[in-house]
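Reader: I have a model open on my screen and would like a close look at a single part, the big sheet and whatever packs around it. Could you walk me through it slowly?

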Amino acid sequence: MQDQEELTVRRRSFLAYCSGTGLSATLFPGALWAQTEEGQADVTIEMIDHAAKLAGLEFSAEDREHMLEGVRNNLAGFRSLHALDIDQNVPPPLYFNPAVPGQVFDQAPRAFNVGARQKVTRPNNLEAVAFWSVTALSSLVESRQVTATELTRMYLDRIRRLDPLIRSVISLTEERALEQAANADEEIAAGRYRGLLHGIPWGAKDLLAARGYRTTWGFKAYEDQVIDMDATVVQRLDDAGAILIAKLSTGEIARGDSWLGIQTRNPWNTDEGSGGSSAGPGAATAAGLVGFSIGTDTTGSILGPSRTCGITGLRPTFGRVSRHGVMPVCWSLDKVGPMCRSVTDCAIVFEAIYGPDGQDLAIVDKPFNYDGDASMDDIRVGYLRSAFERDANDDNRTALQNDLASLNTLRDLGVDLVPVELPEHANMDALQMLLVDEAAAFDELVHNGNINLFRQDIDEPEDMLMRIARLHPAVEYVQINRRRMLLMQGMAEIFDRIDVFVSPFGGSNVQSATSLTGHPSVAVQNGFGDDGTPTGFQIIGQLYGEADALGLARDYQQATDFHQQHPPEFV
């Protein structure tokens with residue numbers, strides 16, 4: 001045991017040493033280590049040579065000799081860093097701005113207009129409203145045909161009966177929910193109606209802190225973690241009168257759709273997973289277990305599950321919604337957004353949660369000027385031509401046909417589609433950036449050994465991504481960010497000619513590229529595959545242009561009925 005502990009100390013020292021040479025760490029054979037008088041691992045010239053090769057570099061023997069003392073000094077500083085206990089909510093003081101020089105954005109706020117609301121009548125069986133939109137549910141609540149407590153109990157009952165089929169819920173927040181519902185009923189009865197979300201039950205991806213309840217991040221090491229705060233988004237939805245009924249599943253620290261050894265299933269085919277780390281929000285919303293949900297997206301975790309589960313998801317512009325109280329993955333990529341059953345619902349929820357909070361300093365103060373009655377006639381619309389013209393094999397032929405049919409629907413609406421292509425550098429790999437930030441946020445897992453609890457690493461040992469990130473040279477990390485600016489500049493040139501563009505989910509790197517550039521995107525249903533599972537496409541907007549992207553998506557949904565179809569097993 002003592003020998004193993006000594007080896008661990010040596011390895012950790014070498015992780016820090018590699019950082020000193022521009023690498024971020026690795027594990028090397030014990031033969032490379034020399035010992036100081038104090039028993040601490042020391043840096044050798046041979047180690048510098050190996051580290052340089054890992055970075056694709058070569059230093060002369062004379063250079064390595066001169067570097068030795070500086071690297072040793074760095075190592076001492078890194079040891080002191082490892083002794084610090086830095087909370088995950090502490091970001092680096094480097095704030096990403098997706099805008100490039102010369103861009104000008106609308107700064108004039110206008111009143112939010114949800115558009116026409118349908119008149120509704122309470123059905124004899126209240127469970128018939130489980131799949132209703134927020135706009136329809138809100139009409140029931142506002143007209144006092146149903147109480148918030150009745151809605152809450154109905155959804156809680158559905159979770160108990162139906163969630164075992166899809167495993168979308170990590171924790172019920174029943175006590176909090178019933179208390180909030182009772183308060184909502186009292187306020188509404190007294191004539192104090194807060195707005196369209198008042199009394200509407202919702203679910204939060206279990207990356208968002210909610211006081212008094214577990215926030216597991218989907219990972220064994222944090223299974224019993226309770227964070228004594230409400231995330232900003234939770235606070236804002238509380239203020240809007242919404243009722244938190246469940247913490248919904250997330251893949252292990254926002255990877256995949258498996259959590260604590262359990263996979264969240266697609267309600268349309270429970271033999272399949274739900275398609276990304278916002279697994280619970282996607283599945284629960286599609287299955288009618290909540291009125292709406294909140295997910296997070298780093299490189300596609302709102303969009304992917306929305307497409308897979310056949311719902312509407314909004315990935316906002318980077319810097320729109322506070323991440324305070326939300327587990328970080330990558331500080332310059334993470335976004336929080338609504339996952340709903342219609343475009344209008346996404347607009348309603350986004351209106352409630354966006355804007356600065358004084359805590360997440362990456363958040364900007366830009367208006368969201370959504371008008372549910374506005375005409376989209378003047379919106380310049382592009383389409384990603386090469387992706388729509390992609391070759392289709394038997395597995396995705398129907399998806400391609402649905403994508404092409406979506407273009408025809410837009411043309412029938414009078415949209416003049418302009419062909420566009422992604423700019424140079426669109427194929428850059430967001431993972432190279434993401435994983436370094438993730439490794440920093442979860443540095444403790446490497447040092448306390450809990451990284452060995454990762455189910456993904458156990459099942460796919462060749463994908464030990466957090467360990468691989470420790471080998472990423474610091475200089476290359478900066479260079480990747482500089483290349484990112486080139487991509488951002490190229491994307492800005494495309495948006496000089498258009499306001500939004502549409503893209504299929506396949507055939508390009510658009511999801512990753514627009515994550516890197518910070519652009520908003522709406523996932524919209526457009527049909528079903530041969531296996532009966534949903535297909536969809538994306539509408540990508542200008543920076544801070546969620547209103548236009550949602551407006552075009554709204555017009556598409558008004559011309560189709562895919563978003564009104566629900567998984568039969570849950571109806």
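Author: Happy to; what follows goes through the sheet, then the strands and helices around it, and ends with a few single residues.

Please keep in mind that this is a predicted model. The sheet is open and has 11 strands, in the order E3-E5-E4-E10-E12-E11-E16-E17-E15-E13-E14, and its pairing is mixed. At the edges you will find strand E3 (169-172) and strand E14 (417-420); each has a single partner strand, so one side of each is left without a neighbour in the sheet. From one strand to the next, the twist averages 30°.

Two helices that pack on the sheet are good landmarks. Helix H5 (residues 148-162) touches E3, strand E4 (201-205) and E5, and its direction makes about 15° with that of E5. Helix H19 (residues 546-559) touches strand E11 (312-315), strand E13 (381-384), strand E15 (500-504), strand E16 (521-528) and strand E17 (534-541). The direction of H19 makes about 15° with that of E16.

Now let your eye settle on E17. Eight of the eight residues of E17 are buried, so this strand is largely enclosed by the rest of the structure. Pro-534, Gly-536, Gln-538 and Ile-540 point one way from the strand, while Thr-535, Phe-537, Ile-539 and Gly-541 point the other way. E17 has E16 and E15 beside it in the strand order. With E16 it runs antiparallel, joined by seven bridges, and with E15 it pairs in the antiparallel sense over five bridges. Ile-539 is a handy residue to click on: in E15, Val-502 stands opposite Ile-539, and Ile-539 is also the bridge partner of Val-522. E16 and E17 form a hairpin with five residues between the strands, and there Gly-532 takes a positive phi near 85°.

Elsewhere in the sheet, strand E10 (residues 292-297) and strand E12 (residues 335-340) run antiparallel and are joined by five bridges. One pair to look for is Thr-296 with its bridge partner Val-336 in E12.

Helix H8 (residues 279-286) is a good next stop, with eight of its eight residues buried. Those residues are Ala-279, Gly-280, Pro-281, Gly-282, Ala-283, Ala-284, Thr-285 and Ala-286. Their cover includes sheet strands E4, E5, E10 and E12, along with strand E8 (265-266) and helix H9 (303-309). After H8 comes Gly-288, whose phi is positive, near 70°.

Next, turn to H17 and H18. Two packed helices are described by the angle between their axes and the distance between the axes. For helix H17 (residues 474-494) and helix H18 (residues 510-517), the angle is about 100° and the axes are 9 Å apart. That makes H17 roughly perpendicular to H18. From H17, the contact is made by Arg-484, Leu-487, Met-488 and Met-491; from H18, it is made by Ala-513, Thr-514, Ser-515, Leu-516 and Thr-517. By class, five of these residues are nonpolar, three are polar and one is charged.

H18 is itself largely enclosed by the rest of the structure, because seven of its eight residues are buried. They are Val-510, Ser-512, Ala-513, Thr-514, Ser-515, Leu-516 and Thr-517. Just after H18, Gly-518 takes a positive phi of about 85°.

Three single residues round off the tour. Thr-250 lies in the loop between strand E5 (243-248) and strand E6 (258-259), and it counts as buried because its relative accessibility is 0%. A polar atom of the Thr-250 side chain lies 3.4 Å from the backbone oxygen of Ser-277. Beyond its sequence neighbours within four places, Thr-250 is in contact with residues including Ile-170, Asp-206, Trp-217 and Trp-259.

Leu-196 lies in the loop between helix H6 (174-189) and E4. At 17% relative accessibility, Leu-196 counts as buried, the cut-off being under 20%. Not counting residues up to four places away in sequence, Leu-196 touches Val-114, Arg-117, Val-134, Ser-138 and Ile-348. Leu-196 and Cys-346 are 150 residues apart in sequence, yet 12 Å apart in space, C-alpha to C-alpha.

Finally, Thr-232 has its place in helix H7 (residues 232-239) and counts as buried at 3% relative accessibility. Leaving aside neighbours within four places in sequence, Thr-232 is in contact with Ser-322, His-324 and Asp-357.

Definitions and conventions: Residues numbered from 1 in each chain as written. Predicted model: local features only at pLDDT ≥ 70, side-chain atom pairs only at ≥ 80, totals over all residues. Heavy atoms only, no water. Helix = DSSP H or I, 4+ residues; strand = E, 2+ residues; numbered from the N terminus. Buried < 20%, exposed > 50% of the residue type's maximum accessible area, 1.4 Å probe, protein only. Polar contact = N/O pair within 3.5 Å; in protein donor to acceptor, adjacent residues only side chain to side chain. Contact = heavy atoms within 4.5 Å. Axes fitted to C-alpha atoms, helices over the stretch in contact; angles between N-to-C directions. Parallel < 35°, antiparallel > 145°, perpendicular 65-115°, else oblique. Nonpolar A, V, L, I, M, F, W, Y, C, P; charged D, E, K, R; others polar. Pairing = 2+ DSSP bridges.
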